[in-house]
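Welcome! Please take a moment with the sequence and the 3D view before reading on.

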Amino acid sequence: MEYSSTRDSVRRQYCSSEVLIKGLADDGGLFVPVDFPAVTFSGRENYIDMATAIFRQFLTDFADNDIQTIVNQTYRDFNPSVLHKINDTLIFLELWHGKTSAFKDVALQLLPRLLTQALKNSHEDAEVVILVATSGDTGKAALEGFANVPQTKIAVFYPQDGVSDTQKQQMVTQEGDNVAVFAIKGNFDDAQTAVKKILNDSDYLKSNSNVIFSSANSINWGRLMPQLVYYFSSYFSVANGDEKVSFIVPTGNFGDILAGYYAKKMGLPVDKLICASNKNNVLTDFIQTGVYSVKRDFYKTISPSMDILVSSNLERLLFDVYDGDANAISGLMNDLKETGQFKIGQSQLEKIQETFIADFATEEETKQAIQTAYEQYHYLIDTHTAVAFAVYEKHPLENKTVILSTASPYKFPQNVYQAIFKEDTTDYATALYEKTGVEIPKNIKELQNKKVIHTKVIEKGMIKNALNDFLIRR
Ligand SMILES: *Cc1c(COP(=O)(O)O)cnc(C)c1O
């Protein structure tokens, strides 16, 4: 399997090891596989079998044994795909039973292992420096995945006031000799833009040529590929291979839902993909009108991992509906950079709308959805999953629908508690447990007793300086 960049009109080809190590193409584009091979299952395979079969299609420069070993190590003790059936047609897919209680673990427990093997495959001895911009969950999941992994360093940048208390506590207490965590005075888009800029700054990269910079954000193919598997595994747990199933995905950077689109391209009988946004509804407008515009206010919401205006992975979808026309994609991305918006063609919009439906939930609707899920189904959902559930209630579908549940409610205990019980308290996680009986995940329970290690707060213009200090640190 070869890969090319969404912005490269001569279509230079890369193998998967190169793609995993680089993260982002030199021209600023994203790596995409040149095709999506059909994969079919009988439905009797387990998660590990499905993951192995799918990854073998995409990692053709990896030895089969190595893929098998990596998959076993990652998913032996962690079943990423746990179903919660409300009734025959509505099913929640709980993707958050990993180490940090967010769906990001599905990919970020695997990625360091893939990267280590990719370095071996390429006979590459240089150290890889992973840069991460996070709206909350990626940061912790990436830190947990990369902590103390040989031949790697990881630096995480999160918006100082843009993550939940639990998310922050998870990051600032991270142990490991090769990790750094910085709060920045800015929002997620500021962090993501700064990181992308560094990854594309050829002078900077040259002056640090002893290391390789890479990304653990969902712009890295190694983040997207693992997410294909749970569309297949959940599909075969609820349907028989003939009927169609729709998926509702609480969306931020468009990585999770894009994996569903790719699964459909690989032959999975997916009907609709419903893109659920919070009040930052830039994707709702785009999918409904074909105009993507970031000329709008940025809101901080109770679903912070979706507080994003520039959804990076949309570029991969555009590449697909423009049939791989890299010039067209470069043009659109340039429009976005220069004018703050772009508009796609009518036929491309129609192609998107064949599969995607989009809507959003206000803050009030999100809280209401948490309350409804608890009162009607005795089911506790987090604020992000609640955005998806609120959108489901506006667009109930005829066929089976899977709602992707992306975080444990205990990552956002205050908002969840207040939405249901309409009162304040001191220790929200404990109060939520006492009133609902739903267990607190162990990693979150243990947070209180952990020592705070990372306290640096930096201006958004100082990310490069902070990085330099970290790189010379021993
Ligand atoms: C990251 C995240 C999302 C958004 O996923 P994308 O792949 O960025 O669209 C939704 N919910 C939670 C809890 C997340 O951590």
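Here is a short tour of a few helices and their neighbours.

This is a predicted model. The tour visits helix α7, made of residues 165-172, then the pair α18 and α19, and ends at K442 in helix α20.

**Helix α7 and its surroundings**
- Within helix α7, the buried residues are T166, Q167, Q170, M171 and V172.
- These buried residues pack against three helices and two strands: α6 (137-146), α18 (413-421) and α20 (442-445), along with β6 (152-159) and β7 (179-185).

**How α18 meets α19**
- Helix α19 covers residues 428-436, and its axis lies 8 Å from that of α18.
- The two helices pack at an angle of about 45 degrees, a value that is neither under 35 degrees nor within 65 to 115, so α18 and α19 count as oblique to each other.
- Their crossing is left-handed.
- On the α18 side, the contact is made by P413, Q414, V416, Y417, Q418 and F421.
- On the α19 side, Y428, A429, A431, L432, K435 and T436 take part.
- By type, the residues of this contact divide into 8 nonpolar, 3 polar and 1 charged.

**A look at K442**
- K442 sits in helix α20, one of the elements that the buried residues of α7 pack against.
- Is K442 buried or exposed? Its relative accessible area is 62%, and because exposed means over 50%, K442 counts as exposed.
- From K442 to D427 the separation is 15 residues in sequence and 16 Å in space, taken from C-alpha to C-alpha.

Note on methods
Residues are numbered from 1 along each chain as its sequence is written. This is a predicted model: local features need pLDDT of at least 70, side-chain atom pairs count only at pLDDT 80 or more; totals for chains, interfaces and linings use all residues. Side-chain values use heavy atoms; hydrogens and water are left out. Buried means under 20% relative accessible area, exposed over 50%, partly exposed in between (1.4 Å probe, protein chains only). Helices (H or I, at least four residues) and strands (E, at least two) are DSSP runs, numbered from the N terminus. Contact means heavy atoms within 4.5 Å. Axes are lines fitted to C-alpha atoms, for helices over the stretch in contact, and angles run from 0 to 180 degrees between N-to-C directions. Angles under 35 degrees count as roughly parallel, over 145 as roughly antiparallel, 65 to 115 as roughly perpendicular and the rest as oblique. A crossing is left-handed if the near helix is turned anticlockwise from the far one by less than a right angle, and right-handed if clockwise. Ala, Val, Leu, Ile, Met, Phe, Trp, Tyr, Cys and Pro count as nonpolar, Asp, Glu, Lys and Arg as charged, and the others, Gly among them, as polar.
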